[in-house]
Amino acid sequence: MSTVHTEIVTPAGKIFSGEVHMVSVRAKSGELGILPHHIPLVAPLEIAQVRLKHEDEKIVDYAAVHGGFIQVSRDAITILSEAAEMKNDIDVERAKKAKEEAEHQLSTLHESSEGYPEALLKLKRANLRLDTAAIADPVAES
Ligand code: ATP
């Protein structure tokens, strides 16, 4: 089975670098499953999970990726985002606190208020972190 070198890069550095059989992302245009030898592309990403399926077909890693871009070239896949965490690096208590803060902010703001879109994004990031951290570990797919 073939693999493709894949990296997830944030301003803080590379949070993932490895050989992967398939990368699944949610692009703004819809779900994408990228296999080795995919045609080159650049696509903006939603705030969503990224799933990395390794060569043995059974091991899957998850990342919470908060927007950014995926770039597919002939021999590599790069995900670039201002914020992203691998599943096991997510601080659940911090995400719970951020969720509470965001929900409190939203409860005090009108949809048209300044700060509302930011609070909504913060809630989305917190929910993604909590959902990703809660995925059963280890994950095996048949
Ligand atoms: P918080 O209020 O907790 O900072 P936030 O959604 O506003 O939440 P971001 O601006 O998205 O935080 O992230 C700032 C930095 O902190 C990024 O590097 C991000 O990866 C990291 N980060 C944020 N929340 C967590 C978390 N729960 N676990 C691990 N890293 C986190």
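Reader: Let's start with His 37: is it buried or exposed?

Author: Check its relative accessible area against the limits: under 20% is buried, over 50% is exposed, and partly exposed is in between (1.4 Å probe, protein chains only). His 37 has a relative accessible area of 70%, so it is exposed. One thing to know early: this is a predicted model, where local features need pLDDT of at least 70 and side-chain atom pairs count only at pLDDT 80 or more, while totals for chains, interfaces and linings use all residues. Residues are numbered from 1 along each chain as its sequence is written, and side-chain values use heavy atoms, with hydrogens and water left out.

Reader: Where does His 37 lie?

Author: In the loop between β4 (30-34) and β5 (41-44). Those labels are DSSP runs numbered from the N terminus: helices are H or I with at least four residues, strands are E with at least two.

Reader: What is the phi of His 37?

Author: Most residues other than glycine have a negative phi. His 37 isn't a glycine, yet its phi is positive, about 70 degrees.

Reader: Which residues surround the ligand?

Author: A residue counts as near the ligand if one of its heavy atoms lies within 4 Å of it. Here the ligand is surrounded by Ala 84, Glu 85, Asp 89, Ile 90, Asp 91, Arg 94, Ala 95, Ala 98, Lys 122, Arg 125 and Arg 129.

Reader: How many of them are nonpolar, polar or charged?

Author: The shell has four nonpolar, no polar and seven charged residues. In this sorting Asp, Glu, Lys and Arg are charged, Ala and Ile are among the nonpolar ones, and Gly is among the polar ones.

Reader: Which side chains put a polar atom by an oxygen atom of the ligand?

Author: Glu 85 has one 2.5 Å from a ligand oxygen, and Arg 125 has one at 2.7 Å. For Arg 129, an N or O atom of the side chain is 2.9 Å from an oxygen atom of the ligand. Taken alone, the ligand exposes 590 Å², and the protein buries 68% of that; these areas come from the Shrake-Rupley method. As for elements, β10 (84-86), α1 (92-108) and α2 (116-133) each give two or more residues to the shell.

Reader: Glu 85 came up there. Why does Glu 85 count as buried?

Author: Because its relative accessibility is 16%. Glu 85 lies in strand β10, and its side chain makes a polar contact with the side chain of Arg 129 at 2.9 Å. Within protein, such a contact is a pair of N or O atoms within 3.5 Å, one able to donate a hydrogen and the other to accept it; sequence neighbours count only if both atoms are side-chain atoms.

Reader: And Asp 61: where is it found, and how far is it from Lys 87 in space?

Author: Asp 61 is in strand β7 (residues 60-66). With a relative accessible area of 28%, Asp 61 is partly exposed. Its C-alpha lies 7.4 Å from that of Lys 87, though they are 26 residues apart in sequence.

Reader: How far apart in space are Glu 100 and Ala 126?

Author: They are 26 residues apart in sequence, and their C-alpha atoms are 9.1 Å apart. Glu 100 sits in helix α1, exposed at 54% relative accessibility.

Reader: Is Glu 114 buried or exposed?

Author: Glu 114 is exposed, at 79%, and belongs to the loop between α1 and α2. Ala 63 is 51 residues away along the chain, with 30 Å between the C-alpha atoms.

Reader: Is Gly 67 buried or exposed?

Author: Buried, at 8% relative accessibility. Gly 67 is in the loop between β7 and β8 (69-72), and its C-alpha is 15 Å from that of Pro 117.

Notes
Accessible areas come from the Shrake-Rupley method with a 1.4 Å probe; for residues, only the protein chains shown count as cover.
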